[in-house]
Amino acid sequence: MASTLSSPCHHHRSSYYSHQLRRRCLRLRPAVSNMRAQDLFQFRHNQMSIQRLDTGRELYSHPTFIAGGSRSRVSRSSFMEKSQRKRGPDHLLILVHGIIASPSDWTYGEAVLKKRLGDNFFIYASSSNIYTKTFDGIDVAGRRLANEVLDVIQKMAGLRKISFLAHSLGGLFARYAISILYSTAMKDASQSAACIAPTTEGSEKLECTSGLGAIAGLEPINFITLATPHLGVRGKNQLPFLQGLSILEKIAAPLAPLVVGRTGAQLFLTDGEPSKPPLLLQMASDHEDKKFISALAAFKNRILYANVSYDHMVGWRTSSIRREKDLTKPSHRSLDGYKHIVNMEYCSPISSDGPHFPLQAARAKEAAQSRPNKENTKEYHQMMEEEMIHGLQRVGWKKVDVNFHTALWPYFAHNNIHVKNEWLHNAGAGVIAHVADSIKQQESRKYFRANL
């Protein structure tokens, strides 16, 4: 090695190729000045790698040379990966389970998401509303979830983004939680740059982006629900195991609070005083100090996964925020690569003055509470459903329809959609894969617009 380095011939070749490299760089200088920093990094790296000696050896001045003869090329991608691992994840993904459930419901989903999303994501399965705590009410559970999210953020340095993935009732808990976590500190909508504010711990948190607001001080990216009863469970086939029978649906409403507590009354839209709108109607607008719809609008993407059939807990209409007339015959053909995903559509936001709760609605609610029968409960539900849709359609939604018609156990659809048990509900593996790929793809896409 020493004799080679001291060779006049080698020194001559090195000088010659160095001279040629300088000439090339001088010719390319105007183009270099117009490059982005990222491209400039790659350009310089490539220029330092192009010259080789006739002997087949690289110049020993090459940055990848290691004394002793070993050498390895350090690509820009590997450099960025090492840098990212050193910094840690910057995107927080909150998983929220459904009724009478626990974080263990996400064991399979969490493993797949970690594998597909990589080290840039910190995936956290919520545990603040396990089992019978889901009976305490959507509002109570939502506050607990909000506090839990804040605790996680305080313990994690370097977080910049936040997303939610929720199953069933957990989707309503998440919608309530984000209204609490929503920050009203916003820039002019014309500004595309994000606002960064230092925290007491010295890390940086994203306060706002493009004038849309922030969630817990982080940039909101994805809000995704799986089989969530966004319109409640009152009405024909909104709670499918009742088989659409009017007598069962009549009995279910007054019995629900006895079985599942305050949550039951809220899902059947009979909670609160007759003169006040039910909670789910409030959650379709910015109600008093809770910015329910503004918090949803702040997310870059909002996606609904809905079972078109075989779900005994949550109907197709309520989980996809559709009217009865908007439901079409479900496809039986899966999309390429995602078994049981049968349809996707983007629903643009529709201008609306928001949901209302007029005197007529108050009277209908009182009748549904005190004198439940087929006529007055149907009238009340139709009024509430239409008003909730008016409010929720003010933001754009991507709607993904799922059909387990070819699954071995299709009637497990409600648990299949998030693979509650890897062996029993693995028919939903394609759904979880689709969720993971959607999160990866849509991080760099445009915002879903809103008409607020």
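Here are legends for five views of one predicted model.

**View 1. The whole chain, before we zoom in.**
Start with the big picture: the chain has 15 helices and 13 strands. Of its 452 residues, buried ones make up 50%. The accessible surface comes to about 22,100 Å², and carbon and sulfur atoms account for 54% of that surface. Now think about who touches whom. If you take contacts between residues at least 6 apart in sequence, 75% of them join residues at least 24 apart.

**View 2. The largest nonpolar core.**
Nonpolar side chains in soluble globular proteins tend to be buried together. In this model, the largest nonpolar core has 60 residues. The residues with the most contacts inside this core are Ile138, Phe164, Ile215 and Met384. Several helices and strands chip in with at least two residues each, among them β1 (91-96), β3 (161-167), α6 (138-155) and α13 (374-392). There is also a second, separate core of 27 residues, and Leu165, Tyr338, Phe404 and Ala413 are included in that one.

**View 3. Phe164 and its neighbours.**
Which residues does Phe164 touch, if you skip those up to four places away in sequence? The list includes Leu93, Ile94 and Val96, along with Val149, Ala174, Ile178 and Leu181. Ile215 is on the list too, and so are Asn222, Phe223, Ile224 and Phe299. Remember that Phe164 and Ile215 are both among the residues with the most contacts inside the largest core.

**View 4. Ser102, tucked into a loop.**
Look for Ser102 in the loop between β1 and α5. Is Ser102 buried or exposed? Its relative accessible area is 6%, and buried means under 20%, so Ser102 counts as buried. The side chain of Ser102 makes two polar contacts you can look for: one with the side chain of Ser104 (2.7 Å), and another with the side chain of Tyr131 (3.5 Å). Leaving out neighbours within four places in sequence, Ser102 is in contact with His97, Ile130 and Tyr131.

**View 5. Ala111 on helix α5.**
Ala111 sits in helix α5, which covers residues 107-117. Why is Ala111 called partly exposed? Its relative accessible area is 45%, and the label fits because partly exposed covers the range between under 20% (buried) and over 50% (exposed). Try finding Ile123 as well: Ala111 and Ile123 are 12 residues apart in sequence, and their C-alpha atoms are 9.4 Å apart in space.

Key. Residues are numbered from 1 along each chain as its sequence is written. This is a predicted model: local features need pLDDT of at least 70, side-chain atom pairs count only at pLDDT 80 or more; totals for chains, interfaces and linings use all residues. Side-chain values use heavy atoms; hydrogens and water are left out. A nonpolar core is a set of buried Ala, Val, Leu, Ile, Met, Phe, Trp, Tyr and Cys residues joined through side-chain atoms within 4.5 Å. Buried means under 20% relative accessible area, exposed over 50%, partly exposed in between (1.4 Å probe, protein chains only). Helices (H or I, at least four residues) and strands (E, at least two) are DSSP runs, numbered from the N terminus. Contact means heavy atoms within 4.5 Å. Accessible areas come from the Shrake-Rupley method with a 1.4 Å probe; for residues, only the protein chains shown count as cover. A polar contact is a pair of N or O atoms within 3.5 Å; within protein, one must be able to donate a hydrogen and the other to accept it, and residues adjacent in sequence count only if both atoms are side-chain atoms.
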